[in-house]
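Grab a pencil and open the structure viewer. Below are some short exercises, each followed by a worked solution.

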Amino acid sequence: MQRMGKMNLTDAERDKLLTATRSRTARVADVRRAKLILMLEEGQSRDTIMQRLECDSRFISRWSSRFLSERLAGMYARHPGRAPKQPPAKLEARVLNYTLRRKPSDGSTHWSSYKLSAELGDVSVSAVQRIWRKHNVRPQRLDRHMVSNDPDFETKAADVIGLYLNPPAHAVVFCVDEKTAIQALDRKDRMLPLSPGRAESHGFEYKRNGTLSLFAALNTATGQVLGKTVARHTSEQFVAFLTDIVASQCERQEIHVICDNVSSHKTQRVRDFLVQHGNVRMHFTPTYSSWLNQVENWFSRIQRDVITRGVFTSVKDLGRKLMRYIREHNKNPKPIKWKYDDPSRRIRQVLIQ
């Protein structure tokens, strides 16, 4: 079926041209030609077309005649252009040498493509960007790291990772830690809610209503979390939380607890508890290696989802909202799967979907 018009477009041709005009990835030149054909089909005047498309009569004549003779196949340019010129190896080495071994002369801490281009003088900004992109060099990015000084790092890390990858049969593994000094902050000014064209806004001034600590134990097999809020994070409170963990499991269930090296985890009170409960074993992560503890991953979620933007009228209100989040999380828990990321052999965490 054909639609009668100046260009005699078929339904398929019209759909193809409309799709091109709405595309966000199509080339600008292709979109402009598609609009031209559609405007001609609608019978718009040349003056109107030249004004809207910012073109001249030669553009209209060339592409209208091309379409009439070749239809959609004629809408592509005969000479699409050439690929960007690839910089020679010497130029790449020069750009990388400046980027990796030198600092900007104006005292800046890192290069931008514009600064490096100006420094080199004969290299364009786009060439610098292509070289950086090719070699995955990103001066604008900054990562932070902490190097463990634990002489037994490999032994302790292997012990913890082994519990994740190959847990003991008929045993349960918990990652335990406490998130300390969570502030119950209330805003002095009213909150402005999210609306079209405007982000949610909180008042700059706030009121401190006290702090509390959150103990959490992540079951590595199920993803469920046992939580408890306390006013202080003492060794006595830690032992009380371990008692809650034991009470949540079957009698004589073998329990493995992964935790960090904070002093409250290694007191005489904790050692006495372990003597009384022979089915509980403690596994300590190496120093400065809290990333090995999976519960830290969950703490980052509750920080992002509840604490950072939360408004709390009191410590009790803060505690209620934290425990509500834990209850809702446990309705659909997802364990964290640990695996090696080849070839760099770095451990990463991937949620089981």
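**Exercise 1.** Find which exposed residues sit on the face of α8 turned away from its buried side, and work out how the buried residues are arranged around the helix axis.

*Solution.* This is a predicted model, so keep that in mind as you go.
- Step 1: The face pointing away from the buried side carries E154 and T155, both exposed.
- Step 2: Now list the buried residues of α8: A157, V160, I161, L163 and Y164.
- Step 3: Look down the axis of α8, and these buried residues fall within an arc of 150°, so they line one face of the helix.
- Step 4: The general rule helps here: an α-helix has 3.6 residues a turn, so residues three or four places apart point the same way.

**Exercise 2.** Check whether the span of α8 agrees or disagrees with what you'd expect from its number of residues.

*Solution.*
- Step 1: α8 runs over 153-165 and has 13 residues.
- Step 2: The expected span is 1.5 Å times one less than the number of residues, so for α8 you get 18 Å.
- Step 3: The end C-alpha atoms of α8 are 18 Å apart, which agrees.

**Exercise 3.** Take E54 and H170: where does each one lie, and is each buried or exposed?

*Solution.*
- Step 1: E54 is in the loop between α3 (46-53) and α4 (57-70), while H170 is in the loop between α8 and β1.
- Step 2: Exposed means over 50% relative accessible area. E54 has 68%, so E54 is exposed; H170 has 75%, so H170 is exposed too.
- Step 3: Now check the backbone. Phi is near 55° for E54 and near 60° for H170.
- Step 4: Most residues other than glycine have a negative phi. E54 has a positive value and isn't glycine, and that goes for H170 as well.

**Exercise 4.** Locate G203, decide whether it is buried or exposed, and find what it touches.

*Solution.*
- Step 1: Look in the loop between β1 (171-187) and β2 (206-219), and you'll find G203.
- Step 2: The cut-off for buried is under 20%. G203 has 11% relative accessibility, so G203 is buried.
- Step 3: Leaving out residues up to four places away in sequence, G203 touches R187 and D189.
- Step 4: Compare G162: G203 and G162 are 41 residues apart in sequence, and their C-alpha atoms are 47 Å apart in space.

**Exercise 5.** What does the UniProt annotation say about residues 173-318, and how much of the span is helix and strand?

*Solution.*
- Step 1: The unreviewed UniProt entry annotates residues 173-318 as "domain: Tc1-like transposase DDE".
- Step 2: In the model, this span is 27% helix and 32% strand, and its end C-alpha atoms lie 28 Å apart.

Technical notes: Residues numbered from 1 in each chain as written. Predicted model: local features only at pLDDT ≥ 70, side-chain atom pairs only at ≥ 80, totals over all residues. Heavy atoms only, no water. UniProt positions renumbered as here; feature names shortened; annotations may be inferred. Helix = DSSP H or I, 4+ residues; strand = E, 2+ residues; numbered from the N terminus. Buried < 20%, exposed > 50% of the residue type's maximum accessible area, 1.4 Å probe, protein only. Contact = heavy atoms within 4.5 Å. Arc of directions from axis to C-beta.
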